[in-house]
Amino acid sequence: MSEAPVVVNRPSGTGGRRVTVHSRGRDEILGTAYSDHDLVVFLEGAGIADPEVILDDPEWVEWRGGAAHKFSAA
């Protein structure tokens, strides 16, 4: 299992992916992203500088249960 602080979960049956961030010893749900833009907005709100740069960095982001950058229904 990855220790990446950001997890983008598998696409839901209706589309979108739940995004969580591990910070200060706990997981926080940031919301459901329907695009990379949504994901970047969530990460900026969580205080991550230049989130566009880390989306493909496995040390920062773990994409679970589906291809990276795909948000359509499972």
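**Pocket, salt bridge and Ala73**

By class, 3 nonpolar, 1 polar and 3 charged residues line the second largest pocket. The model is predicted.

Student: Which element gives the largest share of the lining of the second largest pocket?

Tutor: The lining consists of Val21, Ser23, Arg24, Arg26, Glu28, Leu30 and Ala46. Two elements give two or more residues to that lining, β2 (17-23) and β3 (26-33). The largest share, 3 residues, comes from β3.

Student: How much space lies in the second largest pocket?

Tutor: Its lining includes Arg24, Arg26 and Glu28. The space in this pocket is about 170 Å³.

Student: Which residue forms a salt bridge with Arg64, and is that residue buried or exposed?

Tutor: The structure holds 1 salt bridge. In it, the closest N and O atoms of Arg64 and Glu62 are 3.0 Å apart. Arg64 is partly exposed, at 29% relative accessible area. Glu62 has 16% relative accessibility, and the cut-off for buried is under 20%, so the partner is Glu62 and it counts as buried.

Student: Where is Ala73 found, and which residues does Ala73 touch beyond four places in sequence?

Tutor: Ala73 sits in the segment after β4 (61-63). With a relative accessible area of 43%, Ala73 is partly exposed. Leaving out residues up to four places away in sequence, Ala73 touches Pro11, Ser12, Gly13, Thr14 and Gly15.

Student: What separates the C-alpha atoms of Ala73 and Arg17?

Tutor: Along the chain, Ala73 and Arg17 are 56 residues apart. Their C-alpha atoms are separated by 9.0 Å.

Key: Residues are numbered from 1 along each chain as its sequence is written. This is a predicted model: local features need pLDDT of at least 70, side-chain atom pairs count only at pLDDT 80 or more; totals for chains, interfaces and linings use all residues. Side-chain values use heavy atoms; hydrogens and water are left out. A salt bridge is a side-chain nitrogen of Lys or Arg within 4 Å of a carboxyl oxygen of Asp or Glu. Buried means under 20% relative accessible area, exposed over 50%, partly exposed in between (1.4 Å probe, protein chains only). Contact means heavy atoms within 4.5 Å. On a 1 Å grid over the protein atoms alone, a cavity is a set of points where a 1.4 Å probe fits but cannot get out, and a pocket is an open set with protein on both sides within 12 Å along at least five of seven lines; lining residues have an atom within 4 Å of a point. Grid points are joined across faces, edges and corners, and a volume is the space filled by probe spheres set on the points. Ala, Val, Leu, Ile, Met, Phe, Trp, Tyr, Cys and Pro count as nonpolar, Asp, Glu, Lys and Arg as charged, and the others, Gly among them, as polar.
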